[in-house]
Amino acid sequence: MTRRDSLRRDSLTRYLVEKQHVDGHIPPQLRLLIEIVARACKRISFAVNKGALGEIMGNAGSENVQGEAQKKLDIIANETLIEANEWGGHLAAMASEEMETIYVVPNRYPQGEYLLLFDPLDGSSNIDVNVSIGTIFSVLKKPEGHPGVDQSDFLQAGCQQVAAGYCIYGPQTTLVLTVGDGVAMFTLDREQGSFILTEENVRIPEDTKEFAINMSNMRHWEAPMQRYIEECLQGEEGVRGKNFNMRWIASMVSDVHRIMTRGGIFMYPWDKREPNKPGKLRLLYEANPMGWLIEQAGGAATNARQRILDIQPQALHERVSVVLGSKNEVEQVTRYHLEADQAKA
Ligand code: P6P
């Protein structure tokens with residue numbers, strides 16, 4: 001490797017240009033979209049990092065479509081993504097956890113062929129306690145064959161995504177991205193103001209000894225989920241023959257980033273507190289983008305019974321159970337649920 005190569009740190013722009021020209025993997029409009037989302041995430045990162053100095057902490061005094069209290073930063077992040085993307089000519093519409101209906105690009109701007117979905121600031125309950133949070137995004141192509149755009153255009157299975165990623169606002173601000181040929185990580189260089197490629201071809205170990213779940217809900221889970229966790233807790237004396245460690249940050253982006261970095265399994269299962277809800281997390285702008293990233297890194301993602309990316313959405317803010325991470329552990333949890341279903345049948 002020459003000195004120049006050893007010093008070379010590809011920027012996000014260079015990485016995307018090479019994907020566009022060298023691999024022919026992403027069209028110019030999709031490259032533009034990803035770069036604009038990255039710039040919006042950079043602005044969100046600067047706002048988040050201001051903390052109490054920025055008059056941006058605490059609740060906004062409003063609720064989102066989920067009935068959850070909105071943080072001031074939830075609204076700032078949402079508006080940042082809308083304003084950054086609406087004029088560029090690459091989008092037809094956007095959907096957000098913070099907006100009940102889709103946001104159609106105003107007629108005063110050129111219309112594009114892509115749909116952008118996002119959770120603008122996931123884990124925002126952690127903002128006031130200075131724990132890492134993040135932005136999650138997913139990109140679909142608008143279905144052809146009809147003029148205009150409506151909510152039904154967003155109801156596509158996760159396997160239809162053309163790009164997905166998240167940006168974690170922690171000790172470092174890191175953008176994690178896939179366009180369908182593996183996962184790359186870009187760390188924000190605050191001096192230059194640009195995202196620099198710091199990891200390529202991310203791989204998740206197929207086995208793990210670390211699980212992430214909110215244990216306080218254990219009594220509410222289905223029996224197969226209780227069985228899996230009980231076996232983990234039995235450690236090397238139990239049927240698993242190994243000791244497990246537990247993590248729960250209550251910030252999906254942070255828990256997923258740990259898994260992308262060193263493996264693990266993350267679960268947010270159905271529970272009987274709200275039996276009509278399949279889970280807490282949202283399919284279109286949380287489970288689908290995270291599920292694709294995990295699969296692209298060699299992991300697996302199911303709703304405890306089927307592959308998340310195969311689920312056909314019925315509603316924009318549809319919820320789903322989530323089991324994702326190291327392949328062999330996800331398969332074990334899924335197998336327990338399917339065996340329990342068969343035993344009931
Ligand atoms: P709980 C954050 O509100 C979130 O949507 C995910 O980021 C996180 O994994 C989960 O909810 C935490 O939920 O019930 O443990 O607070």
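Helices and strands here are DSSP runs, at least four residues for a helix (H or I) and at least two for a strand (E), numbered from the N terminus. The model on screen is predicted.

**Stop 1: Gly180**

Select Gly180, in the loop that runs between strands β8 (173–178) and β9 (183–189). Gly180 counts as partly exposed because its relative accessibility is 30%, which falls between the limits of 20% for buried and 50% for exposed. Show its contacts, leaving out neighbours within four places in sequence: they are His25, Trp292 and Gln296. For a distance check, pick the C-alpha atoms of Gly180 and Ile311; they lie 18 Å apart in space, with the two positions 131 residues apart in sequence.

**Stop 2: the two domains**

Colour residues 12–199 as domain 1 and residues 210–344 as domain 2. The contact draws on 49 residues of domain 1 and 33 residues of domain 2. The domain centres, taken over C-alpha atoms, are separated by 24 Å.

**Stop 3: Val202**

Go next to Val202, in the loop between β10 (194–199) and β11. Is Val202 buried or exposed? Its relative accessible area is 5%, so Val202 is buried. Beyond residues up to four places away in sequence, Val202 touches Val183, Met185, Met260, Gln296 and Ala297. Gln296 is also among the contacts of Gly180. The C-alpha of Val202 is 9.7 Å from that of Val176, a residue 26 positions away along the chain.

**Stop 4: helix α7 and its end**

Select residues 283–296, helix α7, in which 13 of the 14 residues are buried. Move just past α7 to Gly298, where phi is positive, at about 90°.

**Stop 5: the largest pocket**

Display the largest pocket, with a volume of about 470 Å³. Its lining consists of 26 residues, and those closest to the pocket centre are Gly123, Ser124, Ser125, Ala250 and Lys280. Where does this pocket lie with respect to domain 1 and domain 2? It lies between them, because residues of both domains belong to its lining.

Colour the lining by class: 11 residues are charged, 8 are nonpolar and 7 are polar. Then colour by element. At least two lining residues come from each of β2 (69–71), β5 (114–122), α6 (252–262), β13 (265–268) and β14 (281–282). Which of these elements gives the most to the lining? Strand β5 does, with 3 residues.

**Stop 6: Ala250 and Ala304**

Stay with Ala250, one of the residues closest to the pocket centre. Ala250 sits in the loop between β12 (245–246) and α6. With a relative accessible area of 40%, Ala250 is partly exposed. Its phi is positive, near 60°, although the residue is not glycine. Most residues other than glycine have a negative phi.

Now select Ala304, in the loop between β15 (300–302) and β16 (319–320). Ala304 is another non-glycine residue with a positive phi, here about 85°. Ala304 counts as buried because its relative accessibility is 5%.

**Stop 7: Glu210**

Strand β11 spans residues 210–212 and includes Glu210. Glu210 has a relative accessibility of 9% and therefore counts as buried. Which side chains make polar contacts with the side chain of Glu210? One is that of Asn245, at 3.0 Å. Another is that of Arg262, at 2.9 Å. Widen the selection to contacts outside four places in sequence, and the residues around Glu210 are Phe244, Asn245, Arg247, Arg258, Arg262, Gly263, Gly264 and Ile265.

**Stop 8: Arg240**

Finish at Arg240, located in the loop between α5 (223–234) and β12. Arg240 has a relative accessible area of 15%, so it is buried; the cut-off is under 20%. Draw the polar contact from its side chain to that of Glu329, with a distance of 2.5 Å. Apart from neighbours within four places in sequence, the contacts of Arg240 are Tyr228, Glu231, Cys232, Glu329 and Gln332.

Key. Residues numbered from 1 in each chain as written. Predicted model: local features only at pLDDT ≥ 70, side-chain atom pairs only at ≥ 80, totals over all residues. Heavy atoms only, no water. 1 Å grid on protein atoms, 1.4 Å probe; cavity = no way out; pocket = protein on both sides within 12 Å on 5 of 7 lines; lining within 4 Å. Points joined across faces, edges and corners; volume = space filled by probe spheres on them. Nonpolar A, V, L, I, M, F, W, Y, C, P; charged D, E, K, R; others polar. Domains from an automatic or database assignment. Buried < 20%, exposed > 50% of the residue type's maximum accessible area, 1.4 Å probe, protein only. Polar contact = N/O pair within 3.5 Å; in protein donor to acceptor, adjacent residues only side chain to side chain. Contact = heavy atoms within 4.5 Å.
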